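User: Please take a close look at one part of this model, namely the paired strands and the aromatic rings associated with them. I would like a connected account that also places this part within the whole.

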Amino acid sequence: MEISKQTNILQFSSLKIYDFIINIDNYKTILGDEISDFEKLSVNQFKIKIGSMPKISLELVENRPSSSVKLLSNDSNLNFQICITVDSVDNNSSVVYVKFVGEFSTMIEMMINLFNTCLLYTSDAADEGLGVDLGGRRI
């Protein structure tokens, strides 16, 4: 299964968005109400619980030259990765792409679609002026 989504054009530099998504602490905000538990395990690992799914341990791997990160599952029963790429449109605007790759049942796929929607919510809300916290600055 592969699911890809992208945001609208965001009025933030790609560096500002990238700096936000490489900080593990921000994933509690990014995932918001869809998670029932968030536990930071280290500077590059965290564990979340989404709905009735078991807790999922994720490791964040940076790839600075290409402005992308991967969230890799550390669970052999839920083997997947989420790739998040930030592309610059110009000096002050960007687009975020999220790609989820893994093999799951239909029920798990529905939950994953919800998870991907959460990852894009912060960016879309910023684009629509709904007011979100992006890197310590309320917008």
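Analyst: Two strands are taken to pair if DSSP finds at least two bridges between them. In this predicted model, strand 6 and strand 7 meet that criterion with 10 bridges, in the antiparallel sense. The two strands form a hairpin, with 2 residues between them. Strand 6 also pairs with strand 5, again antiparallel, over 5 bridges; here the hairpin has 6 residues between its strands.

I82 in strand 6 provides a convenient point of reference. Opposite I82 stands L71, and in strand 7 the bridge partner of I82 is F100.

F100 leads to the aromatic rings. The ring centres of F80 and F100 are 4.9 Å apart and the ring planes lie at 25 degrees; because planes under 30 degrees apart count as stacked, this pair is stacked. F80 belongs to strand 6 and F100 to strand 7, so the pair ties together parts that are 20 residues apart in sequence. Both F80 and F100 are buried.

A search of the whole structure returns 3 aromatic pairs. Another of them joins F38 and F46, whose ring centres are 5.3 Å apart with planes at 25 degrees, so this pair is stacked as well. F46 has a relative accessible area of 0% and is buried. F38, at 17% relative accessibility, also counts as buried, because the cut-off is under 20%. Ring pairs link F38 and F46 with Y27 into a cluster.

Y27 and F46 also appear in the description of the largest nonpolar core. This core holds 32 residues, and those touching the most other members are I21, Y27, F46, I48, V69 and I84. Strand 5 (68-73), strand 6 (80-90) and strand 7 (93-102) are among the elements that give two or more residues to the core, as are helix 1 (14-21), helix 2 (27-31), strand 2 (35-42), strand 3 (45-50) and strand 4 (56-63). In soluble globular proteins, nonpolar side chains tend to be buried together.

As for the whole, the protein has 3 helices and 9 strands, arranged from the N terminus as β-α-α-β-β-β-β-β-β-α-β-β. Of its 139 residues, 44% are buried. Among contacts between residues at least 6 apart in sequence, 48% join residues at least 24 apart. The accessible surface comes to about 7,300 Å², and carbon and sulfur atoms account for 47% of this area.

Technical notes: Residues are numbered from 1 along each chain as its sequence is written. This is a predicted model: local features need pLDDT of at least 70, side-chain atom pairs count only at pLDDT 80 or more; totals for chains, interfaces and linings use all residues. Side-chain values use heavy atoms; hydrogens and water are left out. A nonpolar core is a set of buried Ala, Val, Leu, Ile, Met, Phe, Trp, Tyr and Cys residues joined through side-chain atoms within 4.5 Å. Buried means under 20% relative accessible area, exposed over 50%, partly exposed in between (1.4 Å probe, protein chains only). Helices (H or I, at least four residues) and strands (E, at least two) are DSSP runs, numbered from the N terminus. Rings of Phe, Tyr and Trp (its six-membered ring) pair if their centres lie within 6.5 Å; planes under 30 degrees apart count as stacked, over 60 as edge-to-face and the rest as tilted. Contact means heavy atoms within 4.5 Å. Accessible areas come from the Shrake-Rupley method with a 1.4 Å probe; for residues, only the protein chains shown count as cover.
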